[in-house]
Amino acid sequence: MTAVQSESAETSRSLRFPPGFLWGAATAAYQIEGAAAEDGRTPSIWDTFSHTPGRVLNGDTGDIAADHYHRYRDDVALMSDLNLGAYRFSVSWSRVQPTGRGPAVQRGLDFYRKLTDELMERGITPLVTLYHWDLPQELEDSGGWTVRDTAERFADYAEIVAGALGDRVPFWTTLNEPWCSAYLGYGSGVHAPGRTDPESALKAAHHLNLAHGRAIGALRSALPATAQTSITLNLHQIRPLSESAADLDAARRIDAVGNRVFLGPLFDGEYPADLMADTSHVVDWNALVKDGDLAEISRPIDLLGVNYYTPTLVSDGRVRQDGVEVPRNDGHGGGDHSPWPGSEHVAFHLPPGETTAMRWAVDASGLYDLLMRLTREHPDLALMVTENGAAYDDYVSPEGTVNDPQRIAYVHSHLSAVHRAIGDGADVRGYFLWSLMDNFEWAYGYSKRFGTVYVDFATQRRIPKRSAQWYAGVARDNVLQDLPEEDGKS
Ligand code: FCB
């Protein structure tokens, strides 16, 4: 029995996590920094996209966001008040390298050095994500992720950031959720740069994989040997609507184009044969994947970051479901174009039961299943839950407080799932709540609040929600206690 198992066997009321488990919160540059045109920063694809009418709800942009660029000291103090042991943030590429090429802007790098100084002074471990979707616009103008050169540029940028922060950052992530960059950015077009071409989406997926591999090479030569490298994927925990052959095949296809398109080259050094067959009418894989690419993509990494919010329920949309009316839900902000190149016929459904303000089903068993699948397939792989959390319609009470019992229940159930997976053999090293504070939620603008800290965007006042106090207790004790009756149900 492991320590975790014996503890949970002793008492179901308190689940102790392994010693050294990292308790953190996550953010991303464009979602919180603001200062969009300061100190040499130039537009990224998200600046261009959000300033294009009709792209983002209410015309919201990240121009000011949570003004973290100016308030980072207070924000780090807040993290410390919340007992966070770690903080996952991303670097804005166009703040560091405005054209995406050539020399770095020192003021941009200085911001991240000052931020990491603050974190280290307060004993908070920094995790850097190099790319959380904000490609410099100049690179998009030269083809963006549909061209190989962007992977080359990314490796140069990785080397610059490693040179500036390598002395203080122990955890490095190349890309956040390349699925979103490739398929929402170039397939469904609901994310920047807003293109809607299935072939471009698959080219982007390969070039993002390649960018990851090249950046790992650059990081390895620039960082101390103790640094840990990773990529963060939003893997889909896919469930077929029925056991029919057609629905099972829909699930297989989505697993191929959604998950194994990344896992295959990363860990097996090849693209899955079924993926290439499913999409051979969309892209010419032989022309796309050059000699040596797969060896670069499959360079060893130390950790896999896993982002999980909700499971994915699929059926073959061409087949009638025996009179059963099943609500459809693409879960990714709609749009007329599919984000699933070559599998456009697959239908996505809203699982029954409770949902968050995103209309995402609450189901922590999906996180358990996902962690166990990865552990089964790659027994030695260390995992980190780099994002998990929920949006709810939070508001400030007349007393000035924000009460969010649903978020507490959501996080509690997902942490229980993580604990169970650890007990069953998954090597999960940490958990990062999405998000530290309310922020610019991409195509939804400021309408969706994922923070554990409330942000009044008119005044930039921060108000820790009740979930923040609760999470601070979990982080302090390294123990998840049962919820009191009023919070247990949501
Ligand atoms: C993830 C993104 C993150 C945030 C959450 C809700 O897909 O990585 O930036 O938008 O979803």
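This section describes salt bridges in a predicted model and the burial of the residues that form them.

In total, 37 salt bridges were identified in the predicted model. One of them joins D117 and R168, whose closest N and O atoms lie 2.9 Å apart. This pair connects distant parts of the chain, 51 residues apart: D117 belongs to helix α6 (residues 106-121), whereas R168 is located in the loop between α8 (149-165) and β5 (171-176). The two partners fall into separate burial classes. D117 has a relative accessible area of 31% and is therefore classed as partly exposed, while R168, at 11% relative accessibility, counts as buried because the value is under 20%.

A salt bridge is also formed by R252 and D278, with a separation of 3.1 Å between the closest N and O atoms. R252 is part of helix α11 (residues 245-268) and D278 is part of helix α12 (residues 273-278), so this pair ties together parts of the chain that are 26 residues apart in sequence. With a relative accessible area of 25%, R252 is partly exposed; D278, by contrast, is buried, its relative accessible area being 11%.

R252 and D278 also belong to a network of salt bridges, which links D249, R252, R253, D255, R260, D274, D278, R373 and E377. Within this network, R253 is, like R252, a residue of helix α11. The relative accessible area of R253 is 13%, and the residue is therefore buried. When neighbours within four places in sequence are set aside, the contacts of R253 comprise D278, G342, S343 and H345. D278 thus appears both among these contacts of R253 and as the salt-bridge partner of R252.

A further salt bridge brings together the side chains of R449 and D438, at an N to O distance of 2.5 Å. Both residues lie in the loop between β12 (428-434) and β13 (453-456), so the pair ties together parts that are 11 residues apart in sequence. R449 and D438 are both buried.

Taken together, the three pairs described here differ in their structural setting. The D117 and R168 pair bridges a helix and a loop, the R252 and D278 pair joins two helices, and the R449 and D438 pair is located in the loop between β12 and β13. Burial of both partners applies to R449 and D438, whereas D117 and R252 are partly exposed and their respective partners, R168 and D278, are buried.

Definitions and conventions: Residues are numbered from 1 along each chain as its sequence is written. This is a predicted model: local features need pLDDT of at least 70, side-chain atom pairs count only at pLDDT 80 or more; totals for chains, interfaces and linings use all residues. Side-chain values use heavy atoms; hydrogens and water are left out. A salt bridge is a side-chain nitrogen of Lys or Arg within 4 Å of a carboxyl oxygen of Asp or Glu. Helices (H or I, at least four residues) and strands (E, at least two) are DSSP runs, numbered from the N terminus. Buried means under 20% relative accessible area, exposed over 50%, partly exposed in between (1.4 Å probe, protein chains only). Contact means heavy atoms within 4.5 Å.
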